[in-house]
Amino acid sequence: MPYSTLLTPILNFLQCQTPDAWIDEAKKPENLQLILTDHLLCELKAAQSGMFLIRKYAVDKESSDALLALFKPFEEFVYKKQGSLQDLLKANNLTKAIVPKSDSKYGQDLIDKMVLLIKEELHHFNQVLEIMTNRNIPYSNITAGRYAKGMLKHVKTFEPNALIDKLIIGAYIEARSCERFAKLAPHLDDELNKFYISLLRSEARHYEDYLTLATEIAGGDISERVKYFGEVEAKLILSDDEDFKFHSGTPIKQA
Ligand SMILES: [Fe+2]
Ligand SMILES: [Fe+2]
């Protein structure tokens, strides 16, 4: 499937496209280190959101421990700068089957989709880190932008609506990442262009999986809630943003 076909549902889902001003900023060579570093962190956060969701809602104690152990070296690298790419390449290896706790209302489908997502996001993490390592771009931790927080603050406080909202937000983050990768790719060098295009397929599936899960768990029509978060998301993308990150809004022109 050509990637334009892959993007059609994503562009229909999102309520706005990335403004050109963001692309103009993101393609500047002096911003490459920031883009790659933030992208690296986004991959870990994407994996962590999948992990938090199934640990909170679905899996048994042993599975929960196995997930924590899987993440430990990645988190130590990001938060404590311990370990290296070589260690992490070996670490993305979940051998234990992740299974539901006995009283879980949410079944194996949520777990299977999230476990696949976790493995893929950690693989992307390693791919970004490999590119940074090869280019001698040092890793340094940077603060998170307003984007995810700006959506998460609207999450309902009761279940299952809280879970449904988090899944809808997951769909928006994945869809936006996909749209930005596609829009930014042609402006980057060959290696990054190919890499960003290669990410589209899995990120497009992640978006779909989140939306499918939200619909399944709601057991009814969620289009109003999807539309609501779409409006919140579009506002975060289109409004002025002093910060510049992978998911930031319209950059404020620097004098
Ligand atoms: Fe990813
Ligand atoms: Fe993803």
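The chain exposes about 12200 Å² (Shrake-Rupley method, 1.4 Å probe), and carbon and sulfur atoms supply 54% of that area. This is a predicted model, in which local features need pLDDT of at least 70 and side-chain atom pairs count only at pLDDT 80 or more, while totals for chains, interfaces and linings use all residues. Residues are numbered from 1 along each chain as its sequence is written, chains are lettered from A and ligands numbered from 1 in the order in which they are written, and side-chain values use heavy atoms, without hydrogens and water.

**Overall fold**
- The chain has ten helices and two strands, counted as DSSP runs (H or I, at least four residues, for helices; E, at least two, for strands).
- Along the sequence, the ten helices precede the two strands.
- Of the 255 residues, 51% count as buried, meaning under 20% relative accessible area with a 1.4 Å probe, protein chains only.

**Iron site**
- The iron ion (ligand 2) has as protein donors Glu121 (OE), Glu174 (OE), Glu174 (OE), Glu203 (OE) and His206 (ND1), at 1.8 to 2.6 Å; donors are N, O and S atoms within 2.8 Å of the metal (3.2 Å for Na, K and Ca), and water is not among the atoms, so sites may look incomplete.
- Their spacing along the chain is E-x52-E-x28-E-x2-H.
- Glu121 coordinates both this ion and the iron ion (ligand 1), and the two ions are 3.6 Å apart.

**Donors in helix α9**
- Glu203 and His206 lie three residues apart in helix α9 (residues 190-218), about one turn of the helix.
- Glu203 is buried at 2% relative accessible area, and His206 is buried at 1%.

Conventions:
Buried < 20%, exposed > 50% of the residue type's maximum accessible area, 1.4 Å probe, protein only.
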